[in-house]
Amino acid sequence: METRRTASAVVLFSIVLLGLNLRPVLAAVGPVLDTIQAGTGLGHVGASLLTALPVFVMGIAALGGVCLQRLLGSGRGISLGIALIALSCAGRWIVPEREALIVTALVAGAGIAFVQALLPEFIKRRFPGRSSAIMGFYSTAIMAGAVIAAASSAWIAVSLGWPGALGVWALPALAALAAWCSTEGGRAKTLPFRNGEGGEKNFGAEAPAEEIPSRRHWYHWRAWTLMLFFGLGTCAYTLALAWLPPYYTALGWGAAESGYLLSGLTAMEVVAGLTVSISAARFLDRRPPSVVALFLQLAGLICLIVAPDALAWPACLLLGLGIGAIFPLSLIVALDHLDDPGQAGALLAFVQGGGYIVASLMPLVAGILREWFASLVHAWTLMAFITLLMLAMVLFFSPASYRRAFRR
């Protein structure tokens with residue numbers, strides 16, 4: 001019993017460490033984006049690709065999660081993913097050129113997608129009775145990684161230059177790779193876990209073929225709705241990640257100050273994510289906390305639009321709380337719909353894959369709007385209207401509708 005608990009603790013630690021490494025490659029860019037543009041000649045649209053391309057590739061690769069599961073298995077696929085993240089960060093340090101930034105953005109997106117497509121299914125199998133809570137902690141770790149990167153990027157750039165500020169994140173990625181490879185999930189193809197009745201089943205790299213649905217979620221309207229909801233919610237995150245620091249440097253703030261704003265926003269995401277993780281089991285109906293989260297997000301956006309200087313910190317704190325809560329809630333709602341680990345993992349891959357493709361458009365749209373109007377106010381306004389749409393969508397996610405939604 002004690003050995004099993006120790007093994008579970010080690011696996012949980014590696015999951016958190018993996019999550020911490022899924023956003024620094026993106027979050028480190030914003031605070032030094034002005035310097036990157038000056039050094040490489042990237043325009044606003046080109047600069048938006050540093051966030052949009054990884055998120056788009058994350059979506060494409062996530063849609064192929066079932067194929068990745070069959071081809072690589074969870075253990076090897078997750079190992080490959082975190083290795084690609086480390087490689088992309090190192091590449092930005094070694095070759096700090098415009099073309100290299102685009103290539104490494106694509107590589108990083110693929111690496112993040114491998115982990116995000118395969119790890120939720122692993123969590124569902126390894127922790128069948130606690131998957132919602134573990135998913136919440138994993139999601140929170142993702143946000144925490146962004147906090148650290150956003151807060152330290154400008155500071156690191158003072159000593160190492162912007163290539164070092166982007167490249168130094170190869171080191172924690174390598175640490176995560178070592179930690180994952182040392183766990184039972186990283187070492188073996190299939191491993192035993194206990195189900196709720198004390199029996200043994202398999203989890204890990206490969207699920208039996210009959211447990212993995214192929215494309216069944218493409219034919220269910222609820223899967224598309226869940227995907228769109230996740231994608232629209234993630235739009236707020238990708239928009240803030242890419243353009244919040246440049247928004248404030250354009251208003252006269254320093255790079256470090258604007259980075260602190262982004263880190264404050266993401267810190268509130270961690271607080272909200274932890275709150276959702278702890279209290280998720282108390283809300284079998286996820287709609288009330290989702291509505292609260294969306295109103296917080298809307299309030300933060302309004303502050304950014306009407307008084308960005310005077311209400312900078314309230315705007316970021318409110319927006320962070322909203323984004324941080326809706327991100328894990330949208331994943332948990334998707335997991336709630338199906339009990340079978342393989343089917344739930346496939347649904348989550350579909351939701352995240354299509355959702356990240358939708359979310360990848362927001363930084364690009366914001367870059368285009370900035371080119372046209374020399375301002376990002378229009379992008380925040382667009383995001384506010386999207387939040388209103390999400391408030392209408394969430395009302396349809398009643399628990400009674402879960403089973404009906406996926407009947408054949």
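Me: Buried means under 20% relative accessible area, exposed over 50%, and partly exposed in between (1.4 Å probe, protein chains only). So is Phe350 buried or exposed?
Reply: First, this is a predicted model, so local features need pLDDT of at least 70 and side-chain atom pairs count only at pLDDT 80 or more, while totals for chains, interfaces and linings use all residues. Residues are numbered from 1 along each chain as its sequence is written, and side-chain values use heavy atoms, with hydrogens and water left out. Phe350 has a relative accessible area of 5%, and the cut-off is under 20%, so Phe350 counts as buried.

Me: Which residue forms an aromatic pair with Phe350?
Reply: Rings of Phe, Tyr and Trp (its six-membered ring) pair if their centres lie within 6.5 Å; planes under 30 degrees apart are stacked, over 60 edge-to-face, and the rest tilted. That rule gives 9 aromatic pairs. In the one with Phe350, the centres are 5.3 Å apart and the planes 80° apart, so the pair is edge-to-face, and the partner is Trp224.

Me: How many residues apart in sequence are the parts that this Trp224 and Phe350 pair ties together?
Reply: Helices here are DSSP runs (H or I, at least four residues), numbered from the N terminus. Trp224 sits in helix H11 (residues 221-250), and Phe350 in helix H15 (residues 341-373). Because the two rings belong to those two helices, the pair links parts whose separation in sequence is 126 residues.

Me: What is the angle between the planes of Trp372 and Phe373?
Reply: Trp372 is exposed at 64% relative accessible area, whereas Phe373 is partly exposed at 43%. Their rings form an edge-to-face pair, 6.5 Å centre to centre, with a plane angle of 80°.

Me: Where does H4 bend?
Reply: By length, H4 (residues 44-63) looks fine: 20 residues at 1.5 Å each (times one less than the residue count) should span 28 Å, and its end C-alpha atoms are 29 Å apart, which agrees. The bend is the angle between axes fitted to the seven residues ending at a residue and the seven starting there. H4 bends by about 40°, with Pro54 following within four residues of the bend, which is at Leu50.

Me: Which residue meets Arg287 in a salt bridge?
Reply: A salt bridge needs a side-chain nitrogen of Lys or Arg within 4 Å of a carboxyl oxygen of Asp or Glu, and the count comes to 1. Arg287 is partly exposed at 25%, and its partner is partly exposed too, at 24%. The N to O distance is 2.8 Å, and the partner is Asp285.

Me: Which helix gives the most to the largest nonpolar core?
Reply: A nonpolar core is a set of buried Ala, Val, Leu, Ile, Met, Phe, Trp, Tyr and Cys residues joined through side-chain atoms within 4.5 Å. The largest one has 129 residues, and those with the most contacts inside it are Ile15, Ile36, Leu119 and Leu244. With 17 residues, the top contributor is H11.

Me: What is the C-alpha to C-alpha distance between Ser258 and Tyr247?
Reply: Ser258 is in helix H12 (residues 255-279) and is buried, at 1%. Leaving out residues up to four places away in sequence, Ser258 touches Pro245, Tyr248 and Thr249 (contact means heavy atoms within 4.5 Å). Ser258 and Tyr247 are 11 residues apart in sequence, and their C-alpha atoms are separated by 8.4 Å.
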